[in-house]
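Visitor: Could you take me through this protein step by step? I would like the terms explained as they come up.

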Amino acid sequence: MKVETKQKNSSCEISNGETLWPPIGGDLISTIRIATKLCLGEISEEQAVEFWNCYNAAPPPTIDIIARCQTENFGFLFDSVANIKNGCKVLLKKFFPYAGCVDKGFTESGVEKASAFKAINICEAEVLGLK
């Protein structure tokens, strides 16, 4: 059986529309897929605001931790197209310090990391049209 694939929206899809990727979850692969789509794709201001609001998908104080860590590591929030584009320019350099800040904040505040990342990633993937 021959399976034809095509690249579409940063996703590897079989010709019938099914994806070869596992479902979006709280894992690093999902986060990388989202960052790739965010940084290489086009989004509107409305989508940028929706993307930022995904941090509310996880329980408090998640959004406060994310806001603090984005501000400390990038100098701004990923809440507009301009800020997202600027963040993407330095994402490789800033990602691991940012992730460390978030991880530490979650640990100190008792946020359940796996469920928080899953909720955020599912929401962000939906905003970006990822399956």
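Guide: Ser80 is a place to begin: this residue sits in the loop between helix H3 (62–74) and helix H4 (81–89). Helices (H or I, at least four residues) and strands (E, at least two) are DSSP runs, numbered from the N terminus. The model is predicted, and local features need pLDDT of at least 70, side-chain atom pairs count only at pLDDT 80 or more, and totals for chains, interfaces and linings use all residues. Residues are numbered from 1 along each chain as its sequence is written, and side-chain values use heavy atoms, with hydrogens and water left out.

Visitor: Is Ser80 buried or exposed?

Guide: Ser80 counts as buried because its relative accessibility is 16%. Buried means under 20% relative accessible area, exposed over 50%, and partly exposed in between (1.4 Å probe, protein chains only).

Visitor: And what does Ser80 touch?

Guide: Leaving aside residues up to four places away in sequence, Ser80 touches Glu45 and Ala48. Contact means heavy atoms within 4.5 Å.

Visitor: What about the whole fold: how many helices and strands are there?

Guide: The protein has 6 helices and 2 strands. Their order from the N terminus is β-β-α-α-α-α-α-α. Of its 131 residues, 37% count as buried.

Visitor: Let us turn to aromatic rings. How many aromatic pairs does the structure hold?

Guide: There are 8 aromatic pairs. Rings of Phe, Tyr and Trp (its six-membered ring) pair if their centres lie within 6.5 Å; planes under 30 degrees apart count as stacked, over 60 as edge-to-face and the rest as tilted. Trp52 and Tyr55 form an edge-to-face pair, because their ring centres are 5.1 Å apart and their planes stand at 70 degrees. Both Trp52 and Tyr55 are buried. The pair of Phe74 and Phe76 is tilted, with 6.3 Å centre to centre and 45 degrees between the planes.

Visitor: Which residues form an aromatic cluster?

Guide: One cluster consists of Phe74, Phe76, Phe78 and Tyr98. Within that group, Phe74 counts as buried because its relative accessibility is 11%.

Visitor: Now the outside. Which residues make the nonpolar surface patch?

Guide: Trp21, Leu28, Ile29 and Ile32 make a nonpolar surface patch of about 370 Å². Trp21 lies in the loop between strand S2 (11–14) and helix H1 (28–40). With 33% relative accessibility, Trp21 counts as partly exposed. Patches are made of residues with over 30% relative accessible area and no salt bridge (a side-chain nitrogen of Lys or Arg within 4 Å of a carboxyl oxygen of Asp or Glu). Like charges are joined within 9 Å, and nonpolar side chains (Val, Leu, Ile, Met, Phe, Trp, Tyr) within 5 Å. Accessible areas come from the Shrake-Rupley method with a 1.4 Å probe; for residues, only the protein chains shown count as cover.
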